[in-house]
Amino acid sequence: MGRFCLRFQSIDVNLGNDDFIAGRVPECDLVLDDALVSRKHASFRVAGDAVEVRDLDSRNGVSLNGARIDKLALARHGDRVRIGSQELLIKGVDRARSAAGTVEMVLCQGCGGMSSAMQSACHLCGRAFPLPSNPAAAADEARSLVDDAATRTEAPFHALTQLADKALGLGRLDEAERILGNMLGSVRLRASAAAGSETDRDELASAARYALRLADAMQKSAWLDYPFELYTATGQLMPVDLIDDLYRVAEKVRYTNARAVRAYLARLRSDGAQLGPTDRFLMLRLEGLERRVVSA
């Protein structure tokens, strides 16, 4: 019988003859804080030289290497399983680090991204989690998680925004935040990886606007940091309508983090590019927003 493990981000969990359950409720072996994941979504069990992957009547189904399975499928080393917006990798145990027990994911209150509960800081924004751990080990693990996340296939941007729109429309704000948290973190990660090169301007603006919608709906000023951090990573000027939205939401939620605004302005000034009349107007608008945040 083969020996296999299941990898999620940088965490490897050994699989055996008993069902290993992935889902959203605490009693699952792998707990995923993801609105697209059912309470008990899928099970994994070693069967000979393969792993049985079973869909536990989930709402959104289970995919193996991009194809949705019909109840049960066999997976082998290197195969990728998607449940909800999460991708899991089947690995031969000799090629992976092993870990035991339940792996629980926690939602970062800073950026809304998910990280392993065993880490001391969010792998997307670096925000510290309450429980202390070895700082050096946490830093190494955070870098590893970023590398894994950068190469992981993400759920389609448009599909997630449709679900988020529905949740926001129904007033299910926590669900909307769960859906958008990973997506916005992934957009920021891609923007950081592509720093200095052309990035998808429409995707950046859309991601920033969804962060503002969360800030507005949930009255969470932390989400207002996101547009500044996103555009600081790229060095691009925000479109005028996004700046107008920032003014509106910043006043509504009493935003006071001038540091994020200043970091963005410093990045724009450091590029030293010649600004045309429109760009100078946008810079003036951003400087006005900085003064307003400082005086709030």
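Before anything else, a cut-off for my own use: a residue is buried if its relative accessible area is under 20%, exposed if over 50%, and partly exposed in between. I'm also noting that this is a predicted model.

**Entry: helix α4**

I started with α4, which runs over 201–218. I counted how much of α4 is hidden: 13 of its 18 residues are buried, so the helix is largely enclosed by the rest of the structure.

Then I checked the length of α4. With 1.5 Å a residue, its 18 residues should cover 26 Å, and the C-alpha atoms at its ends are indeed 26 Å apart, so the two agree. I also looked at what comes right after α4: Q219 follows, with a positive phi near 55°.

**Entry: the whole chain**

I stepped back for an overview. The protein chain has 8 helices and 13 strands. Of its 296 residues, 51% count as buried. The chain exposes about 14300 Å², and carbon and sulfur atoms supply 49% of that. I looked up contacts too: taking those with a separation of 6 or more, 56% join residues 24 or more positions apart.

**Entry: the cores**

Which residues touch the most other members of the largest nonpolar core? I found L184, L224, F228, L230, Y231, M238 and Y255, out of 49 residues in that core. The helices that give two or more residues to this core are α2, α3, α4, α5, α6, α7 and α8. My helix from the first entry turns up again here: α4 gives the most, with 10 residues.

I picked L184 for a closer look. Leaving out neighbours within four places in sequence, L184 is in contact with A207, Y210, A211, L214, W223 and Y226. Apart from this core lies another one, of 24 residues, with V37, L64, A75 and I83 among them.

**Entry: aromatic rings**

I listed the aromatic pairs and got 4 in the structure. F228 and Y255 are one of them: their ring centres are 6.2 Å apart and their planes meet at 10°, so I wrote the pair down as stacked. F228 sits in helix α5 and Y255 in the loop between α6 and α7, so this pair ties together parts 27 residues apart in sequence. Both F228 and Y255 are buried.

F228 has another partner, Y264, and that pair is tilted, at 6.4 Å centre to centre and 55° between the planes. Y264 is in helix α7 while F228 is in helix α5, so here the parts tied together are 36 residues apart in sequence. Y264 is buried, as F228 is. I put F228, Y231, Y255 and Y264 down as one aromatic cluster.

One more ring caught my eye, that of Y247: R285 lies over its face, at 4.2 Å from the ring centre.

**Entry: positive phi in two loops**

Where does N65 lie? I found N65 in the loop between β7 (62–64) and β8 (67–68). Its phi is positive, near 50°, though N65 is not a glycine. Is N65 buried or exposed? Neither: its relative accessibility is 48%, so N65 counts as partly exposed.

K71 is in the loop between β8 and β9 (72–75). K71 isn't a glycine either, and its phi is positive, near 75°. With a relative accessible area of 38%, K71 goes down as partly exposed.

Technical notes. Residues are numbered from 1 along each chain as its sequence is written. This is a predicted model: local features need pLDDT of at least 70, side-chain atom pairs count only at pLDDT 80 or more; totals for chains, interfaces and linings use all residues. Side-chain values use heavy atoms; hydrogens and water are left out. A nonpolar core is a set of buried Ala, Val, Leu, Ile, Met, Phe, Trp, Tyr and Cys residues joined through side-chain atoms within 4.5 Å. Buried means under 20% relative accessible area, exposed over 50%, partly exposed in between (1.4 Å probe, protein chains only). Helices (H or I, at least four residues) and strands (E, at least two) are DSSP runs, numbered from the N terminus. Contact means heavy atoms within 4.5 Å. The expected span of a helix is 1.5 Å times one less than its number of residues. Rings of Phe, Tyr and Trp (its six-membered ring) pair if their centres lie within 6.5 Å; planes under 30 degrees apart count as stacked, over 60 as edge-to-face and the rest as tilted. A charge sits over a ring if NZ of Lys or CZ of Arg is within 6 Å of the ring centre and within 35 degrees of the ring normal. Accessible areas come from the Shrake-Rupley method with a 1.4 Å probe; for residues, only the protein chains shown count as cover.
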